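Open the model in your viewer and have the selection tool ready. The tour below goes from one hollow space to another.

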Amino acid sequence: GGGRDKLLGGAALGEITSIAVLPLENLSGDPEQDYFTDGMTEALINELGKISALRVISRQSVMQFKGTNRPVSEIAQVLGVDAVVEGSVFRANPAGDGMNDRIRISAQLIQAVPERHLWAESYERDLTDVLSLQGEIARAIAREINITVTLEEQLHLASARLVNHEAYEVYLRGHYYLAGYGPAAGEARAKALEYFQQAIELDPTYALAHAGLARAYRQLEWMGVLLPKEAYPKARTAALKALELDESLAEAYTELAYVKLVYDWDWQGAEREFKRALGLNSNSVVAHSAYSWYLSHMGRHEEAIAEARRALELDPVSWEKRGELGQSFTRARQYDQAIEQFRTQLELKPDSVQARHGLVRVYWLKGMVTEARTEFERMEALRGSPHLGHAAGIWHAKASALMGKREEALKLLDEAKKEWSERGPILIAGVYAVLGEKDQAFAWLEKSYAARETGIVQLKSPQWDSLRDDPRFQDLLRRMDFPE
């Protein structure tokens with residue numbers, strides 16, 4: 001950010017262009033209220049994110065500082081920001097019937113270097129007025145650090161309406177489950193879906209709940225719980241409904257872009273919606289990540305890498321975003337840079353199967369068999385790891401195929417087919433492609449095409465290079481109307 005690059009004289013005046021909102025403290029004394037406090041934290045991040053001149057660190061990267069007493073200067077250094085916002089939430093009557101359900105939010109702004117308090121304020125409101133309160137705090141911070149807020153941004157920061165307190169409550173619970181990781185992640189998403197539906201029943205005009213619903217459908221498909229034809233039409237309807245209710249909702253444009261990309265194969269339309277999302281919230285990690293993925297598959301690699309870097313800047317301690325940057329380098333066939341990112345990802349998360357798999361693949365693509373074998377063995381050692389995720393079997397099949405362990409790959413593939421022939425034909429096609437079984441690979445690619453499977457948009461990736469000259473492959477690209 002600006003302040004750090006200038007000579008000391010400039011730094012003393014403290015120009016602030018990047019900021020992190022640390023997890024607000026739950027003062028209710030009831031851990032059950034955590035979802036509410038976390039929801040307030042995220043809402044404030046989201047409001048500040050609408051100010052394009054400001055870089056705002058994402059929720060994922062700040063959440064690891066929940067409850068820690070590390071000095072502000074240290075946290076700011078880890079996150080690469082000029083200042084942090086700290087604060088607390090107190091709820092007077094959380095178990096109430098909505099009568100006198102008041103909340104008090106206290107916030108303070110602290111510059112990192114030199115460390116000093118710039119501003120502090122306390123607000124007390126009815127819960128129904130909570131959305132406009134977030135915008136008000138964001139505006140106050142922007143005024144304090146003297147950052148440029150465009151007229152349009154001012155309107156978006158001021159545009160919050162009153163919220164049905166029950167619907168808001170239920171929405172926050174849904175949102176809490178949307179971020180769940182681990183073995184029960186699929187169940188968590190299904191729970192999120194129910195909460196969003198409940199919020200919509202309580203208040204059909206609540207745009208954020210419709211956007212949340214779209215995201216939950218997308219994630220359930222992505223985790224293999226729902227098939228594309230079950231998830232995406234519903235996700236599209238929910239995203240369109242959200243935008244009908246609030247056309248300034250960046251989240252809804254992102255979800256719509258995603259459906260247009262993976263389900264409609266409407267390449268131009270998808271890009272238009274991604275750009276709208278980023279125009280409304282240039283700090284949205286989800287939008288930068290998804291747009292990067294889109295650009296990769298359109299063969300626009302330099303732009304894709306730039307977007308992946310931006311996502312990582314906004315979520316700097318995320319091992320997942322490191323991996324995504326590694327993947328975008330892999331797809332760009334810039335293998336050395338990919339290796340560097342996967343290595344860093346492993347420093348952050350030594351048991352990351354994704355990173356090991358990424359390395360096996362890159363080394364294989366580079367023809368570095370010895371290195372690939374070492375990583376493969378390390379990946380095999382993680383076979384029982386709870387972080388393997390839902391596609392473990394198929395990953396091992398593919399890694400075995402890359403290592404030339406043909407019999408083992410076919411055996412693992414047979415086991416994996418039970419689970420994936422319906423849910424992930426493209427994954428099976430990928431293993432056959434590596435094994436050089438072209439007819440089988442094309443048979444499964446056709447199944448993937450017919451199912452409108454998410455992964456079919458990835459045909460420009462290096463993993464399909466062995467099939468690229470085949471007329472059947474060219475025909476598939478033509479039927480999907482890929483831009484040249």
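**Hollow spaces, stop by stop**

Begin by selecting α3 and α8 (165-178): each of these helices supplies at least two residues of the lining of the largest cavity. Keep in mind that this is a predicted model.

Now show the side chains around that cavity. Tyr35, Asp38, Gly39, Glu42, Arg59, Leu172, His175 and Tyr176 line the largest cavity. Which helix gives the most to this lining? That is α3, with four residues. Colour the lining of the largest cavity by class, and three residues come up as nonpolar, two as polar and three as charged. The volume of the largest cavity is about 50 Å³. How many cavities of 30 Å³ or more does a search of the whole structure find? The search finds three.

Next, go to the second largest pocket, which has a volume of about 360 Å³. To find its centre, select Pro23, Leu24, Glu25, Gly67 and Thr68, which lie nearest to it among the 18 lining residues.

Then select β2 (25-26), α3 (34-49) and β4 (83-91). Each of them supplies at least two residues of the lining of the second largest pocket. Here too α3 gives the most, this time with three residues. Colour this pocket's lining by class as well: five residues are nonpolar, seven are polar and six are charged.

To finish, leave α3 alone selected. This helix gives the most to the lining of the largest cavity, and also gives the most to the lining of the second largest pocket.

Note on methods
Residues numbered from 1 in each chain as written. Predicted model: local features only at pLDDT ≥ 70, side-chain atom pairs only at ≥ 80, totals over all residues. Heavy atoms only, no water. 1 Å grid on protein atoms, 1.4 Å probe; cavity = no way out; pocket = protein on both sides within 12 Å on 5 of 7 lines; lining within 4 Å. Points joined across faces, edges and corners; volume = space filled by probe spheres on them. Nonpolar A, V, L, I, M, F, W, Y, C, P; charged D, E, K, R; others polar.
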